[in-house]
Amino acid sequence: MAQVEATTERIIAAQPDDVFDALADYNGTREKILSDHFSEYEVREGGDGEGTLVHWKLQATSKRIRDCLLEVGEPNDGELVEKDRNSSMVTTWTVTPAGEGKSRVVVSTVWNGAGGIGGFFEKTFAPKGLGRIYDAVLGKLAAEVEK
């Protein structure tokens, strides 16, 4: 079983604190910036960063749907970590300064992939698909915070 990783990033024309606050706002902004790949969104505990427990379904392909129950942590400044209780999947959002009035947002997801030929295809194609999904989310985040 190999580890699979998908990473994407975007420069956003907004202050890092504002971008991070929007990402950590699971009761408001987060649901608004999710793409159509996400459904059944529900905050079960908390709602603002550390200590939040949030549920959603992520439909990566027409046949691949993950039921996610995510525990949110903030291990470092500018970093949100979402650990899925239902799988090995961990998504890390990192927000850093990128020049005057700009932020770099990097989202990286890792999980333990399948073995054998299925694992080969997962490791080859899943990162590109998930990267496209998170690129759309980052686009919506930019539109939200650059207002």
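S103 is found in strand β7, and in this predicted model the residue is buried, at a relative accessible area of 0%. What does the side chain of S103 have for polar company? One of its polar atoms lies 2.6 Å from the backbone oxygen of A14. Setting aside neighbours within four places in sequence, S103 is in contact with R10, I11, I12, A14, Q15, P16, V19, V95, T96 and A98. Some of these fall in named elements: R10, I11 and I12 belong to β1 (3-12), V19 to helix α1 (residues 16-24), and V95 and T96 to β6 (residues 90-97).

Stepping back to the sheet, seven strands line up in the order β1-β7-β6-β5-β4-β3-β2, as an open sheet with antiparallel pairing. The edges are taken by β1 and β2, each of which pairs on one side only. From one strand to its neighbour the turn is 20° on average, with direction ignored. Helix α1 packs on this sheet and touches β1, β5, β6 and β7 (103-112). Its direction makes about 160° with that of β6.

Within the sheet, strand β5 (residues 79-84) and β6 run antiparallel and are joined by five bridges; E79, for its part, stands opposite T94 in β6. Further along, β3 pairs with β2 over five bridges in the antiparallel sense, and E42 has H55 of β3 as its bridge partner. On its other pairing, β3 meets strand β4 (residues 65-73) over seven bridges, again antiparallel. A hairpin of five residues makes the link from β3 to β4, and W56 stands opposite C68 in β4. Why can β3 be called largely enclosed by the rest of the structure? Five of its seven residues are buried, so the strand earns that description.

W56 also turns up in the aromatic side of the story. A pair of aromatic rings is described by the distance of the centres and the angle of the planes. There are four aromatic pairs in the model. In one of them, the rings of F38 and W56 have centres 5.4 Å apart and planes at 90°, so this pair is edge-to-face. F38 lies in strand β2 (residues 38-45) and W56 in strand β3 (residues 53-59), so the pair ties together parts that are 18 residues apart in sequence. Both rings belong to buried residues, F38 as well as W56.

W56 has a second partner in Y41, and here the geometry is stacked: 6.0 Å from centre to centre, with 15° between the planes. Since Y41 sits in β2 and W56 in β3, this pair likewise ties parts of the chain together, in this case 15 residues apart in sequence. Y41 counts as buried because its relative accessible area, 16%, falls under the 20% cut-off. For W56 the value is 2%, so W56 is buried too. Taken as a group, F38, Y41, W56, W93 and Y134 form one aromatic cluster.

Charges come into the picture as well. Over the face of W93, a member of that cluster, lies R30, at 4.7 Å from the ring centre. Which ring does the charged end of R66 sit over? That ring is the one of W111, with the charged end 5.4 Å from its centre.

Conventions. Residues are numbered from 1 along each chain as its sequence is written. This is a predicted model: local features need pLDDT of at least 70, side-chain atom pairs count only at pLDDT 80 or more; totals for chains, interfaces and linings use all residues. Side-chain values use heavy atoms; hydrogens and water are left out. Rings of Phe, Tyr and Trp (its six-membered ring) pair if their centres lie within 6.5 Å; planes under 30 degrees apart count as stacked, over 60 as edge-to-face and the rest as tilted. Helices (H or I, at least four residues) and strands (E, at least two) are DSSP runs, numbered from the N terminus. Buried means under 20% relative accessible area, exposed over 50%, partly exposed in between (1.4 Å probe, protein chains only). A charge sits over a ring if NZ of Lys or CZ of Arg is within 6 Å of the ring centre and within 35 degrees of the ring normal. Two strands pair if DSSP finds at least two bridges between them. Axes are lines fitted to C-alpha atoms, for helices over the stretch in contact, and angles run from 0 to 180 degrees between N-to-C directions. Contact means heavy atoms within 4.5 Å. A polar contact is a pair of N or O atoms within 3.5 Å; within protein, one must be able to donate a hydrogen and the other to accept it, and residues adjacent in sequence count only if both atoms are side-chain atoms.
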